[in-house]
Amino acid sequence: MDAVAKKPLAVPTFMDKAETDRPGEAEVEAAVRLLIRWAGDNPNREGLLDTPRRVAKAYREMFGGYDKCPAEELGRTFEEVSGYDDLVLVRDIQFHSHCEHHMVPIVGRAHVAYLPDGKVVGLSKIARVVDIFAHRLQTQEAMTAQISGVIQEVLAPRGVAVMIEAEHMCMAMRGIRKQGSTTLTSSFTGAFRDNPEEQVRFITMVRGGAG
Ligand SMILES: [Zn+2]
């Protein structure tokens, strides 16, 4: 059992309860009915009668990341790796998120690497961390930094590299309506930030087997 250093995280984990002030389901359903009317439809027509209830349920699932702590997810178990200290890359972690500006989907893939310094976690934990942050209202930039931040904080590796490629439905469906354009963001810490060769190695490995 390794003790995880208890310094404050640079990234949000649990939201401040007072700020979220979660409403009751009836209140949420009323809000959905209002949005249906705003869209121009009639919330009382048959096909839409159950929609507010379904939307409320879907929101709890799609935004379930507020109830989970990524640091806790990473901190629970470390694996025995008998001296392995080279790059660990988890590539093509598919995710769905929602942009915090329009609350429409962001669909993409994350590539996450770190250079262990004694602590290694199960690979599924990395994917879980991406998933938790994705299940919150996001900007791609913030999400990229949050993933690298929490891994750096909890595992204290020699470096973390995160790259996210995503399509923003708010760009595809509204405004400038640019379909198929992908936004790329990256975040590097430690050796990845300081050593261009490590960055190149990361990008080469990410690109290596992609599509
Ligand atoms: Zn947006």
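**A tour from the zinc site outwards**

Begin at the zinc ion, whose donor residues follow the sequence spacing C-x2-H-x67-C. Donors here are N, O and S atoms within 2.8 Å of the metal (3.2 Å for Na, K and Ca), and because water is not among the atoms, sites may look incomplete. Before selecting anything else, keep in mind that this is a predicted model, in which local features need pLDDT of at least 70 and side-chain atom pairs count only at pLDDT 80 or more, while totals for chains, interfaces and linings use all residues. Residues are numbered from 1 along each chain as its sequence is written, and side-chain values use heavy atoms, with hydrogens and water left out.

**Stop 1: the zinc ion**

Select Cys99, His102 and Cys170, which coordinate the zinc ion through SG, ND1 and SG respectively, at 2.2 to 2.3 Å. Cys99 counts as buried because its relative accessibility is 4%, whereas His102, with a relative accessible area of 36%, is partly exposed. In these terms, buried means under 20% relative accessible area, exposed means over 50%, and partly exposed lies in between (1.4 Å probe, protein chains only).

**Stop 2: the whole chain**

Now show the protein chain as a cartoon, where you can find nine helices and five strands. Helices (H or I, at least four residues) and strands (E, at least two) are DSSP runs numbered from the N terminus, and from that end the elements run α-α-α-α-β-β-α-β-α-β-α-β-α-α. Of the 211 residues in the chain, 40% count as buried.

**Stop 3: helices H2 and H3**

Select residues 25-39, which form helix H2, and residues 51-62, which form helix H3; their axes come within 8 Å and cross at roughly 115°. The axes are lines fitted to C-alpha atoms, for helices over the stretch in contact, and the angles run from 0 to 180 degrees between N-to-C directions. H2 passes H3 in a right-handed crossing, a term for the near helix being turned clockwise from the far one by less than a right angle, while anticlockwise would be left-handed. On the H2 side the contact (heavy atoms within 4.5 Å) is made by Glu25, Val28, Glu29, Val32, Arg33 and Ile36, and on the H3 side by Thr51, Pro52, Arg53, Val55 and Ala56. These residues divide into six nonpolar, one polar and four charged, where Ala, Val, Leu, Ile, Met, Phe, Trp, Tyr, Cys and Pro count as nonpolar, Asp, Glu, Lys and Arg as charged, and the others, Gly among them, as polar.

**Stop 4: salt bridges**

Stay with Arg53 and add Asp50, since these two form a salt bridge with their closest N and O atoms 3.8 Å apart. A salt bridge is a side-chain nitrogen of Lys or Arg within 4 Å of a carboxyl oxygen of Asp or Glu, and by this rule the count comes to 13. Arg53 is partly exposed at 38% relative accessibility, and Asp50 is partly exposed at 37%. Next select Asp194 and Arg193, whose salt bridge has its closest N and O atoms 3.1 Å apart; both residues are exposed. Salt bridges that share partners also join Arg91, Asp92, Arg109, Glu165 and Arg207 into one network.

**Stop 5: two positive phi angles**

From that network, pick Asp92, found in strand E1 (residues 88-99), which has a positive phi of about 60° although it is not a glycine. Finish at Met103, in the loop between E1 and strand E2 (105-115), where phi is near 60°, again a positive value in a residue other than glycine.
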